[in-house]
Amino acid sequence: MGIRKYYWKAKEFLSDKTKKPVSVIASRTGQLFEIRELFIGRLVQPAHDIHELDEIEAGFKLKIPKIPGHYLEQILSFFRDYCDKYETEVLIHIYMDTHSNEYILDCPYQIVNKHLVNNSNYVPLDPRRYIKIMDLHSHNTMEAYFSPTDNVDEINPILFGVIGRLDKEPTMVYRVGVNGYFIELPPTHLFTEFNVSKQVKYPEEWNDRVVVKGENLSWTE
């Protein structure tokens with residue numbers, strides 16, 4: 001029957017009259033601890049190599065179809081234009097239309113400069129029909145990376161991406177996660193075939209939703 005017994009709560013362990021030689025308790029941090037009742041005292045230590053449990057690895061498997069590569073080419077073209085003309089960041093949301101099972105690119109109303117995007121006035125698409133899949137923003141001439149601001153802002157369990165070096169060969173980083181824990185993903189896991197150098201047309205109304213400013217990104221100016 002094994003030498004270990006498992007508990008979710010410390011009070012379950014303390015009240016149990018039929019303990020095994022080794023008790024395993026889950027902690028608030030998500031770590032497992034082993035408890036042994038010794039003659040000299042109660043020993044609590046991190047659990048290691050529990051043979052009764054399956055091996056589990058962190059990871060991510062996409063359950064929905066990959067995003068069409070030509071959508072990424074549109075986004076890259078939009079990002080590249082704002083890099084070339086203004087050297088600013090810009091932002092695009094990617095949604096899934098649950099009625100048609102197709103992806104939708106949404107450019108929110110945003111105020112931008114070289115280092116930030118303010119889209120605090122943004123109204124999301126109707127969640128009864130549209131599910132947000134990804135937030136993707138540019139880093140203009142800077143390298144693609146997730147900033148400390150991104151780490152604070154990106155709290156929803158969706159995909160996130162950053163595209164940088166748009167004045168040269170673009171670099172991209174993507175990740176998924178929640179509660180501050182992220183798994184980085186290659187773009188080929190998320191998009192069908194694409195060409196990062198291809199310049200294509202994107203909706204003209206996207207430009208109407210972007211306001212380029214200096215350091216002050218307030219909507220009240």
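Is Ile40 buried or exposed? In this predicted model, Ile40 is exposed, because its relative accessible area is 78%, and the cut-off for exposed is over 50%.

**View 1. Ile40 sits in a loop and shares in a nonpolar surface patch.** Look for Ile40 in the loop that links strand S3 (32–38) with strand S4 (41–46). Together with Leu38, Phe39 and Leu43, Ile40 makes a nonpolar patch of about 510 Å² on the surface.

**View 2. Strand S2 is largely enclosed by the rest of the structure.** Now turn to S2, residues 22–26: 5 of its 5 residues are buried, so the strand is largely enclosed. Both faces are covered. On one side you can find Val22, Val24 and Ala26, and on the other Ser23 and Ile25, all of them buried.

**View 3. Strands S1 and S2 run parallel.** Here S1 (residues 4–7) is joined to S2 by 4 bridges. To find your way between the two strands, start at Tyr6, which stands opposite Val24 in S2. Following the chain from S1, you pass through helix H1 (residues 10–15) before reaching S2, and this β-α-β crossover is right-handed.

**View 4. Strands S2 and S3 run antiparallel and form a hairpin.** This pair is joined by 5 bridges. A handy landmark is Ala26, which stands opposite Leu32 in S3. Between the two strands of the hairpin lie 5 residues. Gly30 is in the turn, and its phi is positive, at about 95°.

Technical notes
Residues numbered from 1 in each chain as written. Predicted model: local features only at pLDDT ≥ 70, side-chain atom pairs only at ≥ 80, totals over all residues. Heavy atoms only, no water. Patch = residues over 30% accessible without salt bridge, like charges linked within 9 Å, V, L, I, M, F, W, Y side chains within 5 Å. Areas by Shrake-Rupley, 256 points an atom, 1.4 Å probe, with all protein chains shown as cover. Salt bridge = Lys/Arg side-chain N within 4 Å of Asp/Glu carboxyl O. Buried < 20%, exposed > 50% of the residue type's maximum accessible area, 1.4 Å probe, protein only. Pairing = 2+ DSSP bridges. Right-handed = clockwise from strand over helix to strand, strands pointing away.
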